[in-house]
Amino acid sequence: PKIAQLLKDDGILTFAQLADTSVERLEAILHAAGPNFRLADPATWPEQARLAADGKWDALRVLQDRLIGGQNRRHGDL
């Protein structure tokens, strides 16, 4: 909820808007919010948001099942 509020405060109100936001901008938003938010990794947020915006819930679930701590990791990766 706190990160969602940060995004809203920055004008990102929908999944489509999040999908069109660069990872660099998301990182800047988190960085500006302080050290408690710098641990979050937004690398896959636009991809997840695009699937949600397009109503591809099954594909989103498959992607999220593959993510570990929000990061795209394959079996065997550290």
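Start with burial across the whole chain: of the 78 residues in this protein, 27% count as buried. Keep in mind that you are looking at a predicted model. Colour by secondary structure and you should find 5 helices and 2 strands. Trace the chain along its sequence and the pattern reads α-α-α-α-α-β-β. As for how far the contacts reach, take those with a separation of 6 or more: 41% of them link residues 24 or more positions apart.

**Stop 1: helix 3**

Select residues 23-33, which make up helix 3, and show the side chains of Leu26, Ile29 and Leu30, the buried residues of this helix. Now turn the view until you look down the axis of helix 3: the buried residues fall within an arc of 95 degrees, so they line one face. The spacing makes sense, because an α-helix has 3.6 residues a turn and residues three or four places apart point the same way.

Swing round to the face of helix 3 turned away from the buried side, and pick out Glu24 and Ala32, which are exposed. Then go back and ask what covers the buried residues of helix 3. The cover includes helix 1 (2-9), helix 2 (15-19) and helix 4 (45-53). Before you leave, click on Gly34, just after helix 3, where phi is positive at about 115 degrees.

**Stop 2: the largest core**

Next, select Leu7, Ile12, Leu18, Ala19, Leu26, Ile29, Leu30, Phe37, Trp45 and Ala49, and show them as spheres. These 10 residues form the largest nonpolar core. Helix 2, helix 3 and helix 4 each put at least two residues into this core, and helix 3 gives the most, with 3 residues. As background, nonpolar side chains in soluble globular proteins tend to be buried together.

Which residues does Leu26 contact, leaving aside its neighbours within four places in sequence? Put Leu26 at the centre of the view and you can pick them out: Leu7, Ile12, Leu18, Thr21, Pro42, Trp45 and Pro46. Apart from the largest core lies another core of 5 residues, including Leu51, Ala52, Leu63 and Leu67. Hold on to Leu51 for a later stop.

**Stop 3: helix 1 over helix 3**

Hide everything but helix 1 and helix 3. Two packed helices are described by the angle between their axes and the distance between the axes. Here the axes come within 11 Å and cross at roughly 110 degrees. Helix 1 and helix 3 are therefore roughly perpendicular to each other, and the crossing is right-handed. For the contact itself, show Ile3, Leu6 and Leu7 on helix 1, then Leu26, Ile29, Leu30 and Ala33 on helix 3.

**Stop 4: helix 4**

Bring helix 4 back and show its buried residues: Trp45, Pro46, Gln48, Ala49, Leu51 and Ala52. What do the buried residues of helix 4 pack against? Turn on helix 1, helix 2, helix 3, helix 5 and strand 1 (67-68), and you have their packing partners. Just past the end of helix 4 sits Gly55, with a positive phi of about 70 degrees.

**Stop 5: helix 4 against helix 5**

Add helix 5, residues 57-66, and line it up with helix 4: the two pack at an angle of about 155 degrees, with axes 8 Å apart. Helix 4 and helix 5 are therefore roughly antiparallel to each other. Helix 4 passes helix 5 in a left-handed crossing. On the helix 4 side select Glu47, Gln48, Leu51 and Ala52, which meet Trp57, Ala59, Leu60, Leu63 and Gln64 of helix 5.

**Stop 6: two residues up close**

Zoom in on Gln48 in helix 4. Is Gln48 buried or exposed? Gln48 is buried, with a relative accessible area of 16%. Beyond its neighbours within four places in sequence, Gln48 is in contact with Leu60, Leu63, Gln64 and Leu67.

Finish on Leu51, also in helix 4. Leu51 is buried, at a relative accessible area of 17%. Not counting residues up to four places away in sequence, Leu51 touches Lys56, Ala59, Leu60 and Leu63. If you draw a C-alpha to C-alpha distance from Leu51 to Leu63, expect 9.4 Å, for residues 12 apart in sequence.

Notes: Residues are numbered from 1 along each chain as its sequence is written. This is a predicted model: local features need pLDDT of at least 70, side-chain atom pairs count only at pLDDT 80 or more; totals for chains, interfaces and linings use all residues. Side-chain values use heavy atoms; hydrogens and water are left out. Buried means under 20% relative accessible area, exposed over 50%, partly exposed in between (1.4 Å probe, protein chains only). Helices (H or I, at least four residues) and strands (E, at least two) are DSSP runs, numbered from the N terminus. The arc is that of the directions from the helix axis to the C-beta atoms. Contact means heavy atoms within 4.5 Å. A nonpolar core is a set of buried Ala, Val, Leu, Ile, Met, Phe, Trp, Tyr and Cys residues joined through side-chain atoms within 4.5 Å. Axes are lines fitted to C-alpha atoms, for helices over the stretch in contact, and angles run from 0 to 180 degrees between N-to-C directions. Angles under 35 degrees count as roughly parallel, over 145 as roughly antiparallel, 65 to 115 as roughly perpendicular and the rest as oblique. A crossing is left-handed if the near helix is turned anticlockwise from the far one by less than a right angle, and right-handed if clockwise.
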